[in-house]
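Biologist: I would like to go through this structure piece by piece. Please reason each answer out and finish on the value or name I ask for.

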Amino acid sequence: MSFVEIINLTRPSDSRLEHVDFTSLFKYLSEENVIAIFASLLLERRVIFLAEELSILSQCIHAVAALLYPFTWQHTYIPVLPKVMLDTVCSPTPFVVGVQRQFREQLDELPIEECLMVDLHSGEFLQKVGDEHDILPHKMYKELLNSLQSQRKTCQCSQELNDMVTNTFVLFFVKVIGHYSDHLKRNRNEITFQEKQFRKSVASRSIRKFLKSFMVTQMFLLFVQELQDPLCSPEGFFEKKIKEHRENRTKVK
């Protein structure tokens, strides 16, 4: 008689948070500008990063993509754009790309549509839409900024910085969309997400306004699609933080 051993191979829960280092991102950019980039990505805009070194481009772009957790960037994503592909920045669709500064002149000659262009060495925006600091609800923006500025001073090593940044941005999503499970309607083997009720249940008018724009993005639509999958069992870091937040609020009451 022979026995067959079945081995289930699964990826670590929330693997997107593994091997992410925010050190370079916060070395070259201020907290205000990191939040502005984060906000632009939430609305799936076009973002170009410039740097001399390939490693800086790669590290910083991987880091900003990780800020979107539990969401995932769904569009063109090229941390280091080769010279022969520079015309990618002419695309009318969303993208996140990194370009070496030596190609800046060629970049300036291209018909680039409205975008956010970030110089990682100067820490400045070379081109912007103009409303980057107004995308997020004002209260949420101030909470993010104050948390990053105050806690960053206490970080003694890169791991502490990574944990702090991850927790700060995840908490933003917990507060904005952490009630999503209350609006999942289960009917036998079918799960439906009640979008209108989800948005209307938010007390803050400014958050509801933000959600109106955010909920039509590809990243949000994919998030909902995965929630509606009967085989999907969301028990990752994000759900853990939602539970912790609810428990803390209950203790305060």
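Biologist: In what order do the five strands of the open sheet lie?
Modeller: This is a predicted model, and its sheet is open, with mixed pairing. The order of the five strands is 2-3-1-4-5.

Biologist: Which strands stand at the edges of the sheet?
Modeller: An edge strand here has a single partner strand, so one side of it is left without a neighbour in the sheet. From one strand to the next, the twist averages 25°. The strands at the edges are strand 2 (76-78) and strand 5 (124-127).

Biologist: In which sense do strand 4 and strand 5 pair?
Modeller: Strand 4 covers residues 116-119 and is joined to strand 5 over three bridges. Met-117 stands opposite Gln-127, and Asp-119 has Glu-124 as its bridge partner. The pairing of strand 4 with strand 5 is antiparallel.

Biologist: Which residue in the turn between strand 4 and strand 5 has a positive phi?
Modeller: Strand 4 and strand 5 form a hairpin, with four residues between them. In that turn a phi of about 75° belongs to Gly-123.

Biologist: What angle does the direction of helix 3 make with that of strand 3?
Modeller: Two helices can be described against the sheet here. Helix 2 (residues 31-42) touches strand 1 (46-51), strand 3 (95-100), strand 4 and strand 5, and its direction makes about 150° with that of strand 4. Helix 3 (residues 54-66) packs on the sheet too, touching strand 1, strand 2 and strand 3. The angle between the directions of helix 3 and strand 3 is about 165°.

Biologist: Which residue near the start of strand 1 should I look at for a positive phi in the loop after helix 2?
Modeller: Most residues other than glycine have a negative phi. In the loop between helix 2 and strand 1, a residue other than glycine has a positive phi, near 55°. That residue is Glu-44.

Biologist: Where is the cis peptide bond from Tyr-69 to Pro-70, and what is its omega?
Modeller: Most peptide bonds are trans. Pro-70 is found in the loop between helix 3 and strand 2. The bond from Tyr-69 to Pro-70 is cis, with omega near 20°.

Biologist: How is helix 5 oriented relative to helix 6?
Modeller: The axes of helix 5 (residues 138-152) and helix 6 (residues 158-177) come within 10 Å and cross at roughly 165°. Angles over 145 degrees count as roughly antiparallel. Therefore helix 5 is, relative to helix 6, roughly antiparallel.

Biologist: How many residues of the contact of helix 5 with helix 6 are nonpolar?
Modeller: Helix 5 passes helix 6 in a right-handed crossing. Leu-144 and Leu-148 are among the residues of helix 5 in the contact, and helix 6 brings residues including Val-165 and Phe-169. Three residues of this contact are polar and three are charged, while the number of nonpolar ones is nine.

Biologist: Is helix 2 parallel or oblique to helix 5?
Modeller: The axes of helix 2 and helix 5 come within 10 Å, crossing at roughly 140°, and the crossing is right-handed. Residues that meet there include Ile-35 and Phe-38 in helix 2 and Tyr-141 and Leu-145 in helix 5. The angle makes helix 2, relative to helix 5, oblique.

Biologist: Why is the ring pair of Phe-38 and Phe-169 given the name it has, and what is that name?
Modeller: A search of the whole structure finds 18 aromatic pairs. In this one, the ring centres of Phe-38 and Phe-169 are 4.8 Å apart and the planes stand at 70°. It links Phe-38 in helix 2 to Phe-169 in helix 6, 131 residues apart along the chain. Planes over 60 degrees apart take the name edge-to-face, so the pair is edge-to-face.

Biologist: How many nonpolar residues are in the contact of helix 6 with helix 8?
Modeller: Helix 6 and helix 8 (residues 205-214) pack at about 100°, with axes 11 Å apart, which makes helix 6 roughly perpendicular to helix 8. Phe-172, Phe-173, Val-176 and Ile-177 of helix 6 make the contact with Ile-207, Phe-210, Leu-211 and Phe-214 of helix 8. No polar and no charged residues are counted, and the nonpolar residues number eight.

Biologist: Which residue in the turn between strand 6 and strand 7 has a positive phi?
Modeller: Strand 6 (residues 184-187) and strand 7 (residues 190-193) pair in the antiparallel sense over four bridges, and Asn-187 stands opposite Glu-190. The two strands form a hairpin with two residues between them. The turn residue with a positive phi, about 55°, is Arg-188.

Methods. Residues numbered from 1 in each chain as written. Predicted model: local features only at pLDDT ≥ 70, side-chain atom pairs only at ≥ 80, totals over all residues. Heavy atoms only, no water. Pairing = 2+ DSSP bridges. Axes fitted to C-alpha atoms, helices over the stretch in contact; angles between N-to-C directions. Contact = heavy atoms within 4.5 Å. Parallel < 35°, antiparallel > 145°, perpendicular 65-115°, else oblique. Left-handed = near helix turned anticlockwise from the far one by under 90°. Nonpolar A, V, L, I, M, F, W, Y, C, P; charged D, E, K, R; others polar. Phe/Tyr/Trp six-rings, centres within 6.5 Å; stacked < 30°, edge-to-face > 60°.
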